[in-house]
Each structure stands twice: as C-alpha cells, then as structure tokens.
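This report describes selected features of a predicted model. Please consult the sequence and the structure shown below while reading.

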Amino acid sequence: SSHLSADHLLGVMQDSTSIEHLRQYKVAYSNYFSLYCFFACSQDTVMANAVGSAMQDARARVNRLRQHLYSVRPDKGYSDFDQQAALARSGRYPVLNYPERY
C-alpha cells in the first residue's frame, strides 16, 4: 500500500523529479531482490560468493537511492504537506486545479 500511496501522492503533486527517483529506486530494489533470492537459494558456494558481492553492491545502491529520496525536495516547491492536506480537506487541489465538490 505504501507503493500505491507514494505513486498517487507524487502523481497528484505532479512531481516529475521525485517520480523519476522513485522509478530508479524500484529498478534498483528489484535488482537487489533478484540477487538476494538467487543468493538465498544457491547451493553452490562459489556462485553464492560471487553473487554475494554483487548483492552487497546492489544493496548499497538501494540505500543511497533511499536516502536521496528522503533528502530531495519535491519538484516545483510543493514540500508543505500540511498545506496540501488542508487544501485536500477543503475539496480543492490547486496542483491539478480541481473544482470544488458539490
């Protein structure tokens, strides 16, 4: 659910920079998880050692991307989530210029 929430929130905010960073994170995590699964199921110690090194590099990349996601300000300066939440409760979304609900 957090994946869907992040995608929806970034879409509503039209934050193309963060959308791209999240896409990079998804690709990196998928790569790491594939290597982890191969490593966990490997019965050959030579292959497990070789994959283990690549897995550690992939994990380090995932961690760097995660920290980058936490530290990068959203595109267009929409970083005040309290203001966005208050506007959402009012029924108006200025980012997409939604009309008021009737």
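## Exposure and the charged pair

A residue is termed buried when its relative accessible area is under 20% and exposed when that area is over 50%; partly exposed covers the values in between. Arg23, at 43% relative accessibility, is therefore partly exposed. Glu20 is also assigned to the partly exposed class, because its relative accessible area is 32%.

These two residues form a salt bridge, in which the closest N and O atoms are 2.7 Å apart. Side chains of opposite charge can pair when their charged atoms come close. Both Glu20 and Arg23 belong to helix 2, where they are three residues apart, about one turn of the helix. One salt bridge is found when the whole structure is searched.

## Helix 2

Helix 2 comprises residues 16-41, a total of 26 residues. At 1.5 Å a residue, this helix should span 38 Å, and its end C-alpha atoms are indeed 38 Å apart, so the expected and modelled spans agree.

The buried residues of this helix are Ser18, His21, Leu22, Tyr25, Ala28, Tyr32 and Leu35. His21, a residue of helix 2, counts as buried because its relative accessible area is 17%, and the cut-off for this class is under 20%. Leaving aside residues up to four places away in sequence, His21 touches His68, Leu69 and Val72.

## The nonpolar core

Which residues make up the largest nonpolar core? This core has nine residues: Tyr25, Ala28, Tyr32, Leu35, Val51, Met55, Ala58, Val62 and Leu65. Helix 2 and helix 3 (45-71) are the elements that give two or more residues to the core. Helix 3 provides the largest share, namely five residues.

Leu35 is one of the core residues and is among the buried residues of helix 2. Its contacts, not counting residues up to four places away in sequence, are with Val51, Ala54, Met55 and Ala58.

## A nonpolar patch on the surface

Nonpolar side chains also occur on the surface, where Tyr29, Phe33 and Tyr36 form a patch. Together these three residues have about 300 Å² of accessible area.

Phe33 is located in helix 2. Its relative accessibility is 43%, which means that Phe33 counts as partly exposed. Helix 2 thus carries Phe33, a member of the surface patch, as well as buried residues including Tyr32 and Leu35.

Note on methods
Residues are numbered from 1 along each chain as its sequence is written. This is a predicted model: local features need pLDDT of at least 70, side-chain atom pairs count only at pLDDT 80 or more; totals for chains, interfaces and linings use all residues. Side-chain values use heavy atoms; hydrogens and water are left out. Helices (H or I, at least four residues) and strands (E, at least two) are DSSP runs, numbered from the N terminus. The expected span of a helix is 1.5 Å times one less than its number of residues. Buried means under 20% relative accessible area, exposed over 50%, partly exposed in between (1.4 Å probe, protein chains only). A nonpolar core is a set of buried Ala, Val, Leu, Ile, Met, Phe, Trp, Tyr and Cys residues joined through side-chain atoms within 4.5 Å. Contact means heavy atoms within 4.5 Å. Patches are made of residues with over 30% relative accessible area and no salt bridge: like charges are joined within 9 Å, nonpolar side chains (Val, Leu, Ile, Met, Phe, Trp, Tyr) within 5 Å. Accessible areas come from the Shrake-Rupley method with a 1.4 Å probe; for residues, only the protein chains shown count as cover. A salt bridge is a side-chain nitrogen of Lys or Arg within 4 Å of a carboxyl oxygen of Asp or Glu.
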